[in-house]
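I opened my notebook to look up a few spots in a structure. Come along and read over my shoulder!

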Amino acid sequence: MPTKEDLQTFLRTRRSVRRFKPDPVPDSVIESILHTATFAPSAHNLQPWRFAVINNSSVKTRLGEVLTSKMQADMQAEGADKSSIEKRVTTSQRRINEAPVVVILCRDKTDVRADTPEEAVMGIQSTALAGMQLLLAAHAEGLGGNWICWPLYAQEATRTTLELPETWEPQAMYFFGYPAEIPQVKERKSIKEIVKTFKPSNV
Ligand SMILES: Cc1cc2nc3c(=O)[nH]c(=O)nc-3n(C[C@H](O)[C@H](O)[C@H](O)COP(=O)(O)O)c2cc1C
């Protein structure tokens, strides 16, 4: 049994991995991490998360084209210069092509208790927790993973390109593979900076 120190270390050593070995990831490993992701908590236990798993290189390329063309349009609208747009598009397309496994995380818009903005937020929060759990499960398997926000900027295009059901709303994308880098630890804000504590009044 891992000790609590082992588990804290495990949680603190997950990193966003952005370079992968070309080695394929066995289907059984992907199935296992997806299964673990489903143990995330969810509002009303509605389990609104849905996953599209992409191992196919032509699907990855097509998705990359869709996402980078939106990226290009957004950067042009923001007035970015041609060379930085080209660089970003080329790097992004390379990253998606080189990722051994790409997972799109969606929330099912109909998995809500009521049609209110708060319920929609709860659905998104619940879905994000499954994303976190997926990254941790990948870490447990010795896989590297990276959360990618690009589909948020092209939700409908992502959905139609992958022919996902109409109720699936893309929230995030993940790249998974065996790590080809050991990323630096990104500095964390101190506990003092981010926590407000109310001590018992008799202390
Ligand atoms: C909602 C969200 C969106 C993110 N989007 C991207 C992204 O588009 N590209 C990327 O390389 N990393 C992305 N990341 C990863 C963060 O950059 C990373 O988690 C952060 O820098 C801390 O590093 P660490 O994960 O190694 O601790 C995202 C993370 C989250 C939670």
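These entries cover the ligand shell and then two residues of the chain.

**Entry 1: the ligand.** I reminded myself that this is a predicted model. Then I looked up which residues are around the ligand. I found Arg15, Ser16, Arg18, Asn146, Trp147, Ile148, Cys149, Trp150, Pro183 and Lys186. Sorting this shell by class gave me five nonpolar, two polar and three charged residues.

**Entry 2: Ala99.** I found Ala99 in the loop between helix H4 (82-98) and strand S2 (101-108). Is Ala99 buried or exposed? I looked up its surroundings: Ala99 is buried, because 25 other C-beta atoms lie within 10 Å, and 20 or more is the cut-off for that label. Setting aside neighbours within four places in sequence, I listed the contacts of Ala99 as Phe20, Phe175, Phe176 and Gly177. I also checked Ala99 against Asn146, 47 residues apart along the chain, and their C-alpha atoms are separated by 9.9 Å. Asn146 was already in my notes as one of the residues around the ligand.

**Entry 3: Phe20.** Since Phe20 turned up among the contacts of Ala99, I looked there next. Phe20 sits in the loop between helix H1 (4-12) and helix H2 (27-37). I put Phe20 down as buried because it has 23 C-beta neighbours inside 10 Å. Beyond four places in sequence, Phe20 is in contact with Glu98, Ala99, Pro100, Gly144, Gly177, Tyr178, Pro179 and Ala180. How far apart in space are Phe20 and Gly145, C-alpha to C-alpha? I noted 9.0 Å, with their places 125 residues apart in sequence.

Terms used:
Residues are numbered from 1 along each chain as its sequence is written. This is a predicted model: local features need pLDDT of at least 70, side-chain atom pairs count only at pLDDT 80 or more; totals for chains, interfaces and linings use all residues. A residue is near a molecule or strand if its C-beta atom, placed from the backbone, lies within 6 Å of it. Ala, Val, Leu, Ile, Met, Phe, Trp, Tyr, Cys and Pro count as nonpolar, Asp, Glu, Lys and Arg as charged, and the others, Gly among them, as polar. Helices (H or I, at least four residues) and strands (E, at least two) are DSSP runs, numbered from the N terminus. A residue is buried if 20 or more other C-beta atoms lie within 10 Å of its own, exposed if 12 or fewer, and partly exposed in between; C-beta atoms are placed from the backbone. Two residues are in contact if their C-beta atoms, placed from the backbone, lie within 7 Å.
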